[in-house]
Amino acid sequence: MPAAFLAVLFVWPLATVLARGLAGTGTGAALAVLVSPGVPDALVTTVVLAGLGTAGSVVIGVPAAWALYRVGWAGQRVVRAIVAVPFVLPTVVVAAAFGALFARHGVLGWAGLDHSVAAIVCALVFFNVSVVTRVVGSSWAALDPGTQVAARTLGASRWRAFRTVTLPALAPALGAAAAVVLLFCSTSFGVVLVLGGARVRTVETEIYFQVNSFLDLHAAAVLGIVQLVFVAAALGLASWARRGRDRVAGGRELDGSRPSSAADRPWVAAVLVALATLIVLPAVALLERSLRVAGGGHSLTNYLALFSAPGTAVLPVSVVQAALNSLVTAGIAAVIAGALTVAVASAAVRGPRWARWLDGVAMGPLGVSAVVIGLGMLLTLNREIAGVDLRTSWWLVPLAQAIVALPLAVRILVPAMRAIDPRLRAAAASLGASPWRVWRTLDWRLLRGPIALSAGFAFAIAMGEFGATSFVARPDRPTLPLAIARLLSRPGAQNVGMGFAAAVLLGVATGAIMLTTERLRTRVRADV
Amino acid sequence: MRITRIAIPTAIAMTVLAGCSTAAQSGAEVTVLTHDSFAVPDAVVTQFEKDTGITVTFVAPGDAGSLTNKLILTKDAPLGDVAYGVDNSFASRAIAEGVFADYTSSAPAAKDAAQYAVAGSAALTAVDFSDVCLNYDVGYFTDHDLAVPQSFDDLLKPEYKGLLSVTNPATSSPGLAFLLATIAAKGDAWHDYWAGLAANDVRVTASWSDTYYTDFSAPNYGGDFPLVLSYASSPPSEVIDGEPTTAALLDTCFRQVEYVGVLEGAKHPAAAQKVVDWMLSDDFQASLPENMYVYPVSSSVKVPADWATYAPLSPSPWSVDPATIDANREQWIREWTQVVQP
């Protein structure tokens, strides 16, 4: 079932565009695209941006994973939730916040980074650091502290113990997280366009230009193939990191976290300062904009206005009503995504050999141009498929959001599922347990934490989802991100101020969802 | 937005599916494709539905440019019945590709619309227009004792170095309009003109919102640039305590006209034609300024009072013939990129 889902919504459209774009042309024409003006630069820029964005996310994310998951301290859960918020904020809002920081008179204006690659990298790290923190942190928290203690007892330095014991154990999670971030960064679009002022060009923006300005399907198809190569490389990286190290955790998930000691405190503090600089500075810029009113003063007017419908048709309902719409659709999307995630992850980990490809294919949509797939869908899905009628209106919104959330949710669940010792399941089965009973008594007990985490992430992603939603949501029932985009596309201090206030509301709502997920996860772990 | 990875594909699929949902039933349901800035008050839609028995579904698959591209790519199996939002820089291409079926409305305002018609075609009906113009921050020029620039040539003067923010013609429709205005004004010398602007540190952003509310130094925004690309209709939104804080430079304007047309192969052509008539009705036309910040084509409706005061139109906007735009658009954008962002 998930295979059919991916085939219809990803593989078929992609193949169609490639076929149509490349029909009747030879490799000569393809090479001509790759050396046409701007394209070699775009290739280099893509690799550089993705590389730096990933490196930055790992450099900050790994220490953050340790400080937020391995050692325990008061208030930790709130910080975990805050770190997850940037990931789901709309690009237009984040870009405006970073734009304000890097503008000539901005807090970081002295750095002269406006419209530079460095500014884009900062924003990419801002968005993606939570992916590394989350994925690596969950894995780190579950590491058996025994081996590390043993290494230390045998005289290894703290660094050596980390390098030889901890790091190899974290490698699968780290590889998975880095691959996801690499794909996110390589296809990142809004951030590159806005913070680069359309001066910094990548493969993704080049595809957009070719399609949107020139309607050149051939160039788009050639560049789409380049992206596929990139996806394959990222997936290769992830499986290389995982080679031979699929962790078998026995039957019981360990809780390897420990209270922080006096020696940890300076390190935890250092991580917090780094996170604060990365996340709080743009957040403060955002908050300032949300409080600004006509003429340049500050007050809560914009927030009060969220409760009443605007006078003109900028929005048909109040922003608060839009936020409620978002909660309902995102909740349903999280349930759909959760179920699909379990199906895809099961097939990828335990299914027949061919089904293991599903794992990689599920990542594909992250790394292939949205514009290309969009075109493909336009060319393929304009009809009823195999008698399936997807055309009942309202359900399209949560369904679309679930598809968007699926790749990351799968990434979170797969490592946890791999960690379950297959011998346990075999033993249960040989003792006569039905498959359902095996699932209920074994898998569900061990996996409900990670499943809750995937679903929570899916919920948050669905809350912040813009693109898919903007096409399927009825104009009279906007979601919160749609309301924000709508407000920010009109002149006038009140529209813009309300737009930023609504973005703060979205950030707070997302933070609350992540906090709840955290609690759920810890409680579940506690009774295993 | 963080849209762009998987979101848009799914999105478009869903649009398509959503579009179909109205098609299955008999005659009374019509799907209207629009650009993403479309806004009309509920009351106006409800009244239309009550008067005609037609149910309207609006679908917005992107800005004017991507709307046009999608119409072209799907012309064999159209996404809806009628499309609003193709403007004069894309009109010729859509007509040449045979996206639209001919229809001439007999609504009273059709006479007014006719003066904006695309020459040699009866496929598109003009609904509204607007002037894309540079706007300036009134206070900045008073405070700095600097004369407000008036013409394109003034912008090359050293005293205005680093004061202008515009948008990229490859990613933004006002950006394309502004490029067309300079081409209309400078003819073949436009490359040199833009090289001059680049030498005078013109800032180029990806979209209107980046230029307008991140860069604009007007009191409502507090950015770094007192000269920005926007619309003649923007200043009324920046009136503070009865005082205008911004104004448009009326010698730098390009007139943008937006059209509606019945799609070739529409499932409900008769209902689609009614939608075209409706967009020329007094109710719809009168709602345009407040909701979409554009001027109605109809001469029988009044624009809001503050528009007359703060948002005058350019007396002589620059224009380029749609067929010439269509023949050169891509080449111009490529050349512009070479000159300004090598």
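Begin with chain B of this predicted model and colour its two domains separately: the C-alpha centres of domain 1 of chain B and domain 2 of chain B lie 28 Å apart. For the selection, domain 1 comprises 7–129 + 256–310, and domain 2 comprises 131–254 + 312–340.

Next, display the contact between these domains, to which domain 1 of chain B contributes 18 residues and domain 2 of chain B likewise 18 residues. On the side of domain 1 of chain B that touches domain 2 of chain B, select helix H3 (64–73), helix H4 (91–96) and helix H12 (305–310) of chain B; each supplies at least two residues. Within this side, H4(B) gives the most, with four residues. Colouring the side of domain 1 of chain B that touches domain 2 of chain B by residue class should show nine nonpolar, five polar and four charged residues.

Before leaving chain B, switch to colouring by confidence. The average pLDDT of chain B is 88, and 92% of the residues score at least 70. Now select residues 1–26 of chain B, over which pLDDT stays under 50. For this stretch the model has 101 contacts beyond four places in sequence. Where pLDDT is low, the predicted coordinates should not be read in detail.

Move to chain A and select helix H3 (residues 39–70) together with helix H6 (residues 117–141). The axes of these two helices of chain A come within 6 Å and cross at roughly 40°, which makes H3(A) oblique to H6(A). Viewed for its hand, the crossing of H3(A) and H6(A) is right-handed. Show the side chains here: the residues of the contact of H3(A) with H6(A) comprise 22 nonpolar, eight polar and one charged.

The following stop is a second helix pair in chain A: helix H14 (residues 319–350) and helix H15 (residues 357–367). Their axes are 7 Å apart, and the helices pack at an angle of about 135°; H14(A) and H15(A) are therefore oblique to each other. Which residues of H14(A) meet H15(A)? Select Val344(A), Ala347(A) and Ala348(A) in H14(A), and opposite them Leu358(A), Asp359(A) and Ala362(A) in H15(A). By class, the contact of H14(A) with H15(A) has five nonpolar residues, no polar residues and one charged residue.

Finally, colour chain A by confidence. Its mean pLDDT is 80, with 87% of its residues at 70 or more. Where in chain A is confidence lowest, and where is it highest? The lowest is in helix H20 (residues 467–472) of chain A, at a mean of 65, and the highest is in H3(A), at 92. Two stretches of chain A deserve separate selections. Over residues 248–252 of chain A the pLDDT is below 50, and the stretch has nine contacts in the model beyond near neighbours in sequence. Residues 388–392 of chain A also have pLDDT below 50, with five contacts beyond near neighbours in sequence.

For the model as a whole, the scores are ipTM 0.76 and pTM 0.81.

Terms used:
Residues are numbered from 1 along each chain as its sequence is written. Chains are lettered from A and ligands numbered from 1 in the order in which they are written. Domain bounds come from an automatic or database domain assignment. Two residues are in contact if their C-beta atoms, placed from the backbone, lie within 7 Å. Ala, Val, Leu, Ile, Met, Phe, Trp, Tyr, Cys and Pro count as nonpolar, Asp, Glu, Lys and Arg as charged, and the others, Gly among them, as polar. Axes are lines fitted to C-alpha atoms, for helices over the stretch in contact, and angles run from 0 to 180 degrees between N-to-C directions. Angles under 35 degrees count as roughly parallel, over 145 as roughly antiparallel, 65 to 115 as roughly perpendicular and the rest as oblique. A crossing is left-handed if the near helix is turned anticlockwise from the far one by less than a right angle, and right-handed if clockwise. pLDDT is the predictor's confidence in each residue, from 0 to 100.
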